[in-house]
Amino acid sequence: MTHIHRFPASSKAASTNPLKMSAPLGGALAFLGMDRSLPLFHGSQGCTAFGMVLLVRHFREAIPLQTTAMNQVSTILGGYENLEEALKTIYERNKPSLIGVCTTGVTETKGEDLEGHLKTFRMRNPDLNDLNLVFVSTPDFNGGFEDGYAAVVQGIVESFAEPAEQRVKGQVNILAGCHLTPGDVEEIRDIVEGFGLTPIIVPDLSLSMSGRQPTEFTATSLGGTTVDQVRSMGASEVTLVLGEQMRRAAAALELKTDVPSLFFDRLTGLEASDRFVKALAEISGRPVPARLRRQRESLVDGMLDGHFFLTRKKMVVALEPDHLFTVTSYLQDLGVDVVAAVAPQQAAVLEKVKAGTVMVGDHSDVEAMAKGCDLIVSNSHGRMGAAHAGVPLYRMGLPMFDRLGSGLVVTVGYRGSRDLLFALANIFLAAETDHDSHHGNQSHEHGHDGCCGGSGHGGGREGGSCGCTGA
């Protein structure tokens, strides 16, 4: 597009309806994809409480997350004593296999020496040398959710991955970005294993955040990638890098292990899925499984059916940068006119996003640009702006606290791409059906299934997909 309006300057003095989430929260999610791990926020109790509530509401699971409980005195004089006490207490009580320390705005503003803290802790506590620790700088005021997640994955790789003298045939590394749900990660694992390959996924949220009922309470994550698996990544044949955010972690892994990388900017869509499947066939030397061939045919047929309802529809998308690129690219594959793409923070991948306007903003910007559009795609915090603009909201991304099963939604590969297409197309198909039901027969519309839900105008329901207001 030659008419793209990139990064227009905002006239607002403050974010009035934030889209952005903090870097430590993204870092905590990455640590939750490691087996028996416990993220620890080096900051105040409030920093941890808000982050934990958001993750609990999204995944509807108990979220292990601890804090060093900084107060006004330790913030000014230095928080090492709090950090050391927290690490020793967690180890004695919970015996986690990994403790991941994320800094916050409080400790970063003070300018605490995190690397120095780690060296001091090791020197003063030689009896805890077997405790796996990863310290990552994730200030609240720099970057966002995606940046914190990426920094932690890089920290895990740099801390544990080891070079190997021999390669293990069929073993592949996968660096999975935070734009992938636990359901997406599970789908990717199934596709890779379908070629006879053995994946090591870092982090693996599909094993820890997909919903489990343990027989006993545990204060650590319930599953995920083990530290030993990360150590063995140097023996893999190749690293599959999923998302622009994973480039630095992939470079760190390649530097330590000499394992070559293959980069995939998205796995949603026909062409994107084809590239991924072709790469797996070449790595494994095996033909594409019949199951995937059937799924590809189903996606192509779905694109044929769905284009009647999606072509030329106007949409606004507001998501984390890699997720934003994935969704806007796929929508344009389907013939959608993406009027605006809004990200919470700057990122390199935004240069590749194609939309009428690409900007760093919040939900109030989305609301302003969505007027007259057909659909908004964003997280649950976008619901109020969507209501003000009078535009339906399709929920994607994190947080999604007003829907069940958000962590298990699949939008990658042929199957996930097809399901996402149907979910979007059905919104407009339902709108047409509701409209016909409402306006096609005035004598029967109220009281039957339709946009008024059987209650009729003024029946207590605020509008329907046909656009009636119920007033």
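**At a relative accessible area of 44%, R124 is partly exposed.** Partly exposed is the class between buried (under 20% relative accessible area) and exposed (over 50%), with a 1.4 Å probe and protein chains only. The model is predicted, so local features need pLDDT of at least 70 and side-chain atom pairs count only at pLDDT 80 or more, while totals for chains, interfaces and linings use all residues. Residues are numbered from 1 along each chain as its sequence is written, and side-chain values use heavy atoms, with hydrogens and water left out. The partner of R124 is E84, which is buried at 7% relative accessible area. Their side chains form a salt bridge, N to O 3.0 Å. Since E84 belongs to helix α4 (residues 80-94) and R124 to helix α6 (residues 114-124), the pair ties together parts that are 40 residues apart in sequence. A salt bridge here is a side-chain nitrogen of Lys or Arg within 4 Å of a carboxyl oxygen of Asp or Glu. Helices are DSSP runs of H or I with at least four residues, strands are runs of E with at least two, and both are numbered from the N terminus.

**R275 and D265 pair through their side chains in a salt bridge of 3.2 Å, N to O.** The pair links distant parts of the chain, 10 residues apart: R275 sits in helix α11, and D265 in the loop between β9 (261-264) and α11. R275 is partly exposed, at 35% relative accessibility. D265 is buried, at 16% relative accessible area. Side chains of opposite charge can pair when their charged atoms come close.

**S273, in helix α11 (residues 270-284), is a buried serine.** Its relative accessible area is 4%. The S273 side chain makes a polar contact with the backbone oxygen of G269 at 2.7 Å. A polar contact is a pair of N or O atoms within 3.5 Å; within protein, one must be able to donate a hydrogen and the other to accept it, and residues adjacent in sequence count only if both atoms are side-chain atoms. Leaving out residues up to four places away in sequence, S273 touches L267, G413, Y414 and S417, where contact means heavy atoms within 4.5 Å.

**R418 and D419 meet in a salt bridge between their side chains, at 3.1 Å, N to O.** D419 is partly exposed, with a relative accessible area of 31%. Elsewhere, E162, D228 and R231 are joined into one network by salt bridges that share partners. The structure holds 12 salt bridges.

**V73, I76 and L77 make up a nonpolar surface patch.** Together they have about 340 Å² of accessible area, computed by the Shrake-Rupley method with a 1.4 Å probe, where for residues only the protein chains shown count as cover. Patches take residues with over 30% relative accessible area and no salt bridge, joining like charges within 9 Å and nonpolar side chains (Val, Leu, Ile, Met, Phe, Trp, Tyr) within 5 Å. L77 lies in helix α3 (residues 72-77) and is exposed, at 69% relative accessible area.

**The whole protein, as context for the close-ups, has 16 helices and 14 strands.** Its radius of gyration is 24 Å, close to the 23 Å from the globule rule for 471 residues, so the protein is as compact as a globular protein of that length. The radius is taken over C-alpha atoms, and the rule is 2.2 Å times the number of residues to the power 0.38. Buried residues make up 54% of the 471 residues.
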